[in-house]
Amino acid sequence: ESLGVINGTADAYYVSVDPVTGFVVTTKFYSVEGAIGIQAFNLYCEGSLPALAVAFTTQQPAPVRLELQVGNTVYPFVMAHQPSAAGFRIVNVAGSGFPRALLGDPQSAQVRIQGVERGSLSLRNAGAASKSALAGCYKY
């Protein structure tokens, strides 16, 4: 269950509570440079589920279609509006190959929002960072 974001959007902390265990989960969202249209982007575990949270630079319709292309593979995400997430769109990525793709340390992903090409998102050091962020969701 989301408790929202502390201190705004990018460079802020997202706080949630696992309804089963009662554990409080926090994650820091970092500003994103390069990909036009994305303000903050993060992978994290919410309980035992891997999640992707994105804040966009402009208001988006619901749902938002986000596509991240790593190499020749496109990872599509449909992100619904979640009022309790203080502007972040959050999606469960348990069924996606995207977290696994990050382990190969790709340098970037091409970003499309609502089908429109938006540039390149740097994924530098994403392998180690995602492995650490998702250690509670996956056994590596």
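Does Cys137 count as buried or exposed, and at what relative accessibility? What is sought here is the class of Cys137. Cys137 counts as buried, at 18% relative accessibility, where buried means under 20% relative accessible area, exposed over 50%, and partly exposed in between (1.4 Å probe, protein chains only).**The whole chain**

The model is predicted, so local features need pLDDT of at least 70 and side-chain atom pairs count only at pLDDT 80 or more, while totals for chains, interfaces and linings use all residues. Residues are numbered from 1 along each chain as its sequence is written, and side-chain values use heavy atoms, with hydrogens and water left out.

Start with the protein chain in cartoon view. It holds two helices and 10 strands, in the order β-β-β-β-β-β-β-β-α-β-β-α from the N terminus. Helices (H or I, at least four residues) and strands (E, at least two) are DSSP runs, numbered from the N terminus. Of its 140 residues, 43% count as buried. Among contacts (heavy atoms within 4.5 Å) with a separation of 6 or more, 47% are between residues 24 or more positions apart. The accessible surface is about 7400 Å², and carbon and sulfur atoms make up 53% of that surface; the areas come from the Shrake-Rupley method with a 1.4 Å probe, and for residues only the protein chains shown count as cover.

**The disulfide**

Select Cys45 and Cys137. They are joined by a disulfide, S to S 1.9 Å; the term covers a pair of cysteine sulfur atoms within 2.5 Å. The structure holds one such bond. It links distant parts of the chain, 92 residues apart: Cys45 is in strand β4 (residues 38-46), and Cys137 is in the segment after α2 (126-133). Cys45 is buried as well, with a relative accessible area of 10%.

**The four-stranded sheet**

Next, select β7, β6, β9 and β10. In that order they form an open antiparallel sheet; two strands pair if DSSP finds at least two bridges between them. The edges are β7 (73-79) and β10 (116-122), each with a single partner strand, so one side of each has no neighbour in the sheet. On average, neighbouring strands are turned by 25° against each other, direction ignored. For such angles, axes are lines fitted to C-alpha atoms, for helices over the stretch in contact, and angles run from 0 to 180 degrees between N-to-C directions.

Zoom in on β6 (residues 64-70) and β7, which pair antiparallel over seven bridges. The two strands form a hairpin with two residues between them, and Gly71 in the turn has a positive phi of about 65°. Within this pair, Glu67 stands opposite Pro76 in β7. Then move to β9 and β10, which are antiparallel and joined by six bridges. Ile113 has Val116 in β10 as its bridge partner.

**The charged network**

Show the side chains of Glu67, Arg112 and Glu117, which are linked in a network of salt bridges. A salt bridge is a side-chain nitrogen of Lys or Arg within 4 Å of a carboxyl oxygen of Asp or Glu, and the whole structure has two. One pairs Glu67 with Arg112, the closest N and O atoms being 2.8 Å apart; Glu67 in strand β6 and Arg112 in strand β9 are 45 residues apart. The other pairs Arg112 with Glu117, with 3.3 Å between the closest N and O atoms. Arg112 is buried at 16% relative accessible area, whereas Glu117 is partly exposed at 41%.

**A loop glycine**

Finish at Gly104, in the loop between α1 (98-102) and β9 (108-113). Gly104 is exposed, with a relative accessible area of 63%. Measure from here to Ala128 in the viewer: the two are 24 residues apart in sequence and 9.6 Å apart in space, C-alpha to C-alpha.
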